[in-house]
Amino acid sequence: MFFKNIHIRIKIIILITIILFLVIIGKVFYIQVIDYKKLNNYATSLWSRNLPLASNRGIIYDRNGLELASNITTTSLVLIPNQIENKEEVSKKLSEILEVSYDEMYKHVSKKTSIERVHPEGRNLSYEVADKINSLGYSGVYLVKEAKRNYPFNTLLSHTLGFVGIDNQGLSGLELIYDDYLTGSNGAIKYFSDAKGNSLSMSQIYEQPQSGVNMTLTINLKIQQALERELDNAVSKYNPDQALGIVMDPNTGEVLAISSRPNFEPNNYSDYSIEDINRNLPIWMTYEPGSTFKIITLASSLEENIVDLEKDTFYDSGSITVGGAKLHCWKAGGHGAQTYLQVVENSCNLVA
């Protein structure tokens, strides 16, 4: 009886062992085959680092395909602090080239982060400055290409086009309104490193940035330049507080040119006041239609057959009381008796 119980226990232990082995084998199979991609992505995310590559914003054209807002390629400084061996030396050299304090640069070089973008000192570097940094040959010091917004005609159409910030985000005008379309998708150079920042012997991956959508306006550059010139002449001659102009196609309503004064340079928007930047006068200000609305009231009267231009008359005494308010004609003493056609010719306030 005793030996029989021992045999049963052995069989149970063997069965449990077999079951455990089957569970382990099944788990390994699940990890290696079924869940492989998910776990591989987790592992890759722990090793991979990205050097950002900025995309180009969409170009803004006039109706004839001439560039009103374009892009120029610049260089920016990016650091991988864990790969920088002599932080003091690197900080000293970079601070001299970028003309910033040693302490400020040392903060960037020694920062506890996988990637450190030197901002704003290391953004949009000139070719000469970038070449000096590149010649140092320090590990962990990288130069990446970036796109900088450029407005080739300076102040032309400034309020309408607007401007972008240092990260190419739309901040005003069309650049802001259509920012989601004009902004592309950034790319990156993916490299792999361990927790200490040491490079792993794995191939780098290049993800190409995607440019934003281009935009074509109804603006005609030549007409726009003519309007800008005339506004400048008017400001120079009369020194007004404000000046504005719009040129439209009467057949389609398309805006061929639009501008106002004061204006600004989108390439250097930080040099101007918020009032100068944000006030696109042709669409921002409100205006009393004045005598131009007399055509509307007259056309409505003719449409409803209320008046006859040549037969019906009106006597303009110089003033009239409406709703307790006394309205005056622009001509002292009024125009006297006149037909409604003469009312239009005289732009009589009391009738229209």
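Helices here are DSSP runs of H or I with at least four residues, strands are runs of E with at least two, and both are numbered from the N terminus. By that count the protein has 13 helices and 14 strands. The model is a predicted one: local features need pLDDT of at least 70, side-chain atom pairs count only at pLDDT 80 or more, and totals for chains, interfaces and linings use all residues. Residues are numbered from 1 along each chain as its sequence is written, and side-chain values use heavy atoms, with hydrogens and water left out.

**Start with the whole chain**

Colour by accessibility, taking buried as under 20% relative accessible area, exposed as over 50% and partly exposed as in between (1.4 Å probe, protein chains only). Buried residues account for 32% of the 352 residues. Next, turn on contacts, meaning heavy atoms within 4.5 Å. Of the contacts between residues at least 6 apart in sequence, 64% join residues at least 24 apart.

**Select Arg57, Arg149, Glu175 and Asp179**

These four residues are linked in a network of salt bridges, each bridge being a side-chain nitrogen of Lys or Arg within 4 Å of a carboxyl oxygen of Asp or Glu. Zoom in on Arg57 and Asp179, whose side chains meet at 2.8 Å, N to O. Arg57 sits in the loop between strand 1 (48–53) and strand 2 (60–61), while Asp179 belongs to helix 8 (residues 179–182), 122 residues apart. Arg57 is buried, with a relative accessible area of 2%, and Asp179 is buried at 17%.

Now pick Arg149 and Glu175, which form a salt bridge at 2.8 Å, N to O. Arg149 is in strand 5 and Glu175 in helix 7 (residues 173–177), so this pair ties together parts 26 residues apart in sequence. Both Arg149 and Glu175 are buried.

**Stay on Arg149 for the largest pocket**

Arg149 is also among the residues closest to the centre of the largest pocket, along with Asn124, Lys148, Gly165 and Asn267; 15 residues line the pocket in total. On a 1 Å grid over the protein atoms alone, a pocket is an open set of points with protein on both sides within 12 Å along at least five of seven lines, a cavity is a set where a 1.4 Å probe fits but cannot get out, and lining residues have an atom within 4 Å of a point. The pocket's volume is about 260 Å³, a volume being the space filled by probe spheres set on the points, which are joined across faces, edges and corners. Strand 5 (residues 141–150) gives the largest share of the lining, 4 residues.

**Move to Glu228 and Arg261**

Here is another salt bridge, with the closest N and O atoms 2.7 Å apart. Glu228 lies in helix 9 (residues 221–238) and Arg261 in strand 10 (residues 255–261), so the pair ties together parts 33 residues apart in sequence. Both residues are buried.

Keep Glu228 selected: Glu228 helps line the largest cavity, as do Thr155, His159, Ser260 and Asn280, among others. That cavity has a volume of about 40 Å³. Helix 6 (158–161) and strand 10 each supply at least two residues of its lining.

**Finish at helix 4**

Which residues of helix 4 (residues 102–109) are buried? They are Met105, His108 and Val109. Looking down the axis, you will find that they cover an arc of only 95 degrees (from the directions from the helix axis to the C-beta atoms), which puts them on the same side of helix 4. They pack against strand 3 (67–79), helix 3 (87–98) and strand 4 (116–117). Rotate to the face turned away from the buried side, and you meet the exposed residues Asp103 and Lys107.
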